[in-house]
Amino acid sequence: MLGGLALGPGLAPGFLLSFDMVFVPSLDLSRMTFGLTGTVPRHVPSDAFAAVLSLVLPGDVVQKVVLLGIFVIATVAGASIVPSERLLPRLVAGVVYAWNPFVAERLLLGHWAFLLGYAALPWVVGAALRAGEPGGGWRLVRALVPAAIGGFAAIAISALVALPIALCAARRRQAVGKAVAALTVLSLPWLVTGWLRPSGMPGHTEGVAAFAARADTPFGTLGSLLSLGGVWNAGTVPAGYGVPLFAVLWLLVVVASIVAAVRFAPNRGLFVAAGVGFVLAALGAVAAPLLRGLIELWAGFAVLRDGQQYVAPLAVVVALGFGALVDRVVRTDRAGVALGVCALALPVVLLPGLAWGAAGKLRPVQYPDAWERARAIVAADPVPGDVLVLPWATYRSYPWNGGRTSLDALPRYLDRRGIVADAVIVDGASIPAEDPRSRGLDPIVRADGPLTGPLRAAGVRYVAIDAETGPENPVHARLAGAERVVASPDLVLYRLDDPAERTEPGPPLLPAALAWFVTVVAVIWAFWPFAAPGITLTTRPSRRGKAP
Amino acid sequence: MRIAIAAVSGVLLAALASLGVVQLANADQDDPVIKPLYEYGGR
């Protein structure tokens, strides 16, 4: 129901294209999907998951299933964490966990894969607490499956939660060992391809300032992070969020929930995770030189650039505390139930900007017909070669998408290796490209000379122009000799004869395939009833609440 | 009973107020396009 309320008209047929969220009618399983090209495997394995679902469902239905699934999992998992047998407190916890500024901002930013991991965090809390028990490792694997689908960022916040809790759990050594093993095995698809990427892991410090948390309430950056908001992108703040009256009320809810969690439902490991997460979230904003230094020391610290995502464990604490507070305060008589219903509605009332397609920011659209024509032409072409996508930028504000910003969808739409400029621009500042193919073609594209010959020599078969397609665009003149096979205001597609054959360096196939095999077998084994008895998805801690 | 009525009334009023806020916020957004056209976003 919460998912339906949030998406609203977004549930109509069509695709919701918002910042990093790109779904296409039919996502193909390709080398790109599995991270076997030179790109950073941020989309592994979430793209593979979407592609497999696309085999049986239309792409837009897949998107709606995934997005609704996030709300369902978040509500159920959030409800499962409250140590009470009463329905109302658990429901309240589920609602506040699924409906808060963190979910709204990450949803608008299009981080659906990350949100899968976020949604299941309360399950991870429960499973990590019991990881040291017999079968505890498999229980943790089951709880981590949504994060495993989400990939790198989802696993990162899950590790942030699971490891401190395992450290504080009974049978600490076994619990930590199993937690590390579970997290590692489920990370293998992106870990192996990322590690074996020929050009290494990028660690640009330019993104520290661009992706640092920012204030979206009157309480400054730290107060905004405490309110579970503070995402770097001003364009993803829900309508009406940050208005002083509502911001104050929401902050009161958060603070009261944290106090209630400490008082009524102590979970030392979870509190440590939330505290560490808060520090990490604030790092880029309050100690940018330190973060830059860390990234220069080891590129892996670049995962801390978009710090706001690490307040996710705090959202679990808020859900736990809000549920526990309602459990303690609200009586079981009629007035108590009414009060409880109010508590249930409170998150929605204080954050109405998430409702009804995030107040208009999520609207379904259909891809232009010219895109489908281009897809058919490219798919039917037996000649190998890549597709260069112009204009030379990563993000678009397509007129057919209402001018909303979204990642260029064409590389996923076409059944070929697409090359886009993956340097991203934030407030006019550019964060360098990561894809070696993109970096290699950058001087050619940015120069003023003819494109046809150099691109042919670089193994490019098609040039697709999906914005500024009019004749005034000088790129048309630079493609003399190329055949124009699609010409429409939404897309112009050029075909280049005899592109040079080239093999793109990427991670070796065998270790990547082995990584996938181990992960898939581990997940199947975790759900196998004979091998891993006692399958439950809800891993609520011991109940000590009031009678119903 | 009075508490229940007061609570429900409070929620209804708050819901109306929040809807009003959204309407106001939407009315302010004449042009949702982030300029220039190829930016990831602005802070």
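Here is a short tour of a predicted two-chain model, from confidence to domains, sheet and helices.

Some housekeeping comes first. Residues are numbered from 1 along each chain as its sequence is written, and chains are lettered from A, with ligands numbered from 1, in the order in which they are written. Since this is a predicted model, local features need pLDDT of at least 70 and side-chain atom pairs count only at pLDDT 80 or more, while totals for chains, interfaces and linings use all residues; side-chain values use heavy atoms and leave out hydrogens and water.

**Confidence**

The model scores ipTM 0.81 and pTM 0.91. Chain B has a mean pLDDT (the predictor's confidence in each residue, from 0 to 100) of 65, with 23% of its residues at 70 or more. Over residues 30–34 of chain B the pLDDT is below 50, and this stretch has eight contacts (heavy atoms within 4.5 Å) beyond near neighbours in sequence. Where pLDDT is low, the predicted coordinates should not be read in detail.

**Domains of chain A**

The domain assignment (automatic or from a database) splits chain A into domain 1 (2–360) and domain 2 (369–495). Their contact takes 29 residues from domain 1 of chain A and 24 residues from domain 2 of chain A. Taken over C-alpha atoms, the two centres are 33 Å apart.

**The sheet and its helices**

Helices (H or I, at least four residues) and strands (E, at least two) are DSSP runs, numbered from the N terminus. In chain A, five strands make an open, mixed sheet in the order β4-β1-β7-β9-β8, where pairing takes at least two DSSP bridges. The edges are β4 (418–419) and β8 (483–487) of chain A, each pairing on one side only. Strands β7 (residues 460–465) and β9 (residues 492–495) of chain A run antiparallel, joined by four bridges, and V463(A) stands opposite Y494(A) in β9(A).

Two helices lie across these strands; axes are lines fitted to C-alpha atoms, for helices over the stretch in contact, and angles run from 0 to 180 degrees between N-to-C directions.

| Helix (chain A) | Strands crossed (chain A) | Angle |
|---|---|---|
| α19 (residues 369–380) | β7, β8 and β9 | about 140° to β8(A) |
| α21 (residues 436–446) | β1 (386–390), β4 and β7 | about 55° to β1(A) |

**Two more helices**

Nine of the twelve residues of α4(A) are buried (under 20% relative accessible area, 1.4 Å probe, protein chains only), so this helix is largely enclosed by the rest of the structure. Among them are L88(A), V92(A) and Y97(A). G177(A), in helix α10 (residues 172–195) of chain A, counts as partly exposed (from 20% to 50%) because its relative accessibility is 39%.
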